[in-house]
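Reader: Please take one part of this model and look at it closely. Then follow its contacts into the surrounding fold.

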Amino acid sequence: MTGNQQGNEPKHRRDLTRRKVVVAGAGAAVAVGAGAALASGAFADETTDSASASASSTSSSAETCYKLTSETTEGPYYIDADKIRRDITEDKEGIPLVLNLKVIDAETCKPIANAAVDIWHCDALGIYSGYESMSSGGGGGGMPTDAPSDGATPTGEPPSGAPSGGTGGSIHEEPTDDERYLRGTWKTDKHGKVTFKTIFPGWYQGRCVHIHTKVHVNGEWTDAGYEGGNTCHTGQFFFSEESVLASAEVEPYSTSTTTRTTLTEDTIYDQSGTAGGLLKLKYDKKHIAKGVVGSITMGVDPDAENDNTTM
């Protein structure tokens with residue numbers, strides 16, 4: 001892409017072709033809240049407890065080839081590779097979540113090394129960093145614009161607190177503040193694996209509980225972070241209804257009075273299980289506050305362009 005062509009592109013689209021990022025310091029904060037001990041030290045290359053270890057070893061040499069993982073809307077609240085880090089918790093309270101991801105070529109089943117994987121999601125009360133003024137926590141019912149495109153919840157209730165700039169789809173919103181909690185980017189290892197430490201997301205009106213993700217390939221890792229390449233996958237990760245119901249019994253999730261959309265009601269999740277982004281979860285069903293380990297393999301086409309944005 002030439003310099004003039006880049007100049008005519010919206011800023012958030014230009015950033016996808018030349019990704020200048022800020023490298024986070026090594027002292028990233030450890031997850032806080034009940035059961036944070038499960039999450040601490042739970043990265044793939046560190047010693048873990050039995051629950052984390054069992055989830056980290058789900059893949060095998062006989063791993064079967066995966067279908068292409070479903071592409072979904074980017075949503076309005078993406079901020080391009082803002083933090084190169086695996087622990088994205090900062091000071092946010094919630095159930096510790098260790099997210100073990102693997103990226104493979106869906107055609108050859110070979111792992112894709114050195115890919116840049118982004119994840120971002122709302123906090124326990126449904127608030128996105130960078131866009132705090134566009135939603136209201138504690139049960140205020142804020143609804144980001146990746147909610148149902150008819151501007152209503154699945155039950156027909158009108159949304160409240162919806163941000164300006166559209167009633168649905170993937171229209172990008174410019175950040176309104178400098179907060180960047182629960183956002184991060186890290187590279188896959190030689191086995192195509194990457195692990196993030198975060199918290200179990202909350203919910204907001206119009207959407208089920210989910211985490212956003214992007215996979216960037218064919219770029220270059222530099223001292224500044226990751227540059228160039230193409231975005232080969234834009235998707236979302238989803239949580240079983242059982243796990244969400246369990247989380248709703250734990251503070252601060254239990255303080256939310258926001259109407260919750262179930263997994264089967266959601267208009268973004270395609271109901272296709274793992275291929276659609278449904279995570280495999282491990283946790284103590286009687287004590288979910290101790291922490292959750294989620295894992296999934298994403299089958300991607302490394303030559304594809306899947307920004308999934310709407311201008």
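Author: **Threonine 69 and its surroundings**

Threonine 69 is buried, its relative accessible area being 7%; buried means under 20%, exposed over 50% and partly exposed in between, with a 1.4 Å probe and protein chains only. The model is predicted, so local features need pLDDT of at least 70 and side-chain atom pairs count only at pLDDT 80 or more, while totals for chains, interfaces and linings use all residues. Residues are numbered from 1 along each chain as its sequence is written, and side-chain values use heavy atoms, with hydrogens and water left out.

Threonine 69 is placed in the loop between α4 (50-56) and β2 (83-84). Helices (H or I, at least four residues) and strands (E, at least two) are DSSP runs, numbered from the N terminus. Leaving aside residues up to four places away in sequence, threonine 69 touches His233, Ala275, Thr297, Met298 and Gly299, where contact means heavy atoms within 4.5 Å.

Met298 also appears among the contacts of leucine 101, together with Val117, Ile119, Gly192, Lys193, Val194, Phe196, Phe237 and Ile296, again not counting residues up to four places away in sequence. Leu101, Ile119 and Phe237 have the most contacts inside the largest nonpolar core, which has 37 residues. Such a core is a set of buried Ala, Val, Leu, Ile, Met, Phe, Trp, Tyr and Cys residues joined through side-chain atoms within 4.5 Å. At least two residues of this core come from each of β3, β4 (116-120), β6, β7 (210-217), β10 (230-238), α5 (241-247) and β12 (292-300). Another core, of nine residues, lies apart from it and includes Trp120, Cys122, Tyr128 and Tyr131.

Of these elements, β6, β3 and β12 also belong to a sheet. The sheet is open, with four strands in the order β6-β3-β12-β11 and mixed pairing; two strands pair if DSSP finds at least two bridges between them. At its edges are β6 (193-199) and β11 (280-282), each paired on one side only. Strand β3 (residues 96-105) pairs with β6 in the antiparallel sense over seven bridges. Leucine 99 has phenylalanine 196 in β6 as its bridge partner.

The loop between α4 and β2 also holds one partner of an aromatic pair. Rings of Phe, Tyr and Trp (its six-membered ring) pair if their centres lie within 6.5 Å; planes under 30 degrees apart count as stacked, over 60 as edge-to-face and the rest as tilted. This rule gives eight aromatic pairs. Tyrosine 77 and tyrosine 131 have ring centres 4.3 Å apart and planes at 20°, so they are stacked. The pair links distant parts of the chain, 54 residues apart: tyrosine 77 is in the loop between α4 and β2, and tyrosine 131 in the loop between β4 and β5 (183-187). Tyrosine 77 is buried at 1% relative accessibility, and tyrosine 131 is buried at 0%. Ring pairs join Tyr77, Tyr128, Tyr131 and Tyr204 into a cluster.

Two backbone details lie in other loops. Asparagine 114, in the loop between β3 and β4, has a positive phi near 65° without being a glycine, and is partly exposed at 44% relative accessibility. In the loop between α5 and β11 is proline 252, joined to glutamate 251 by a cis peptide bond with omega about 5°.
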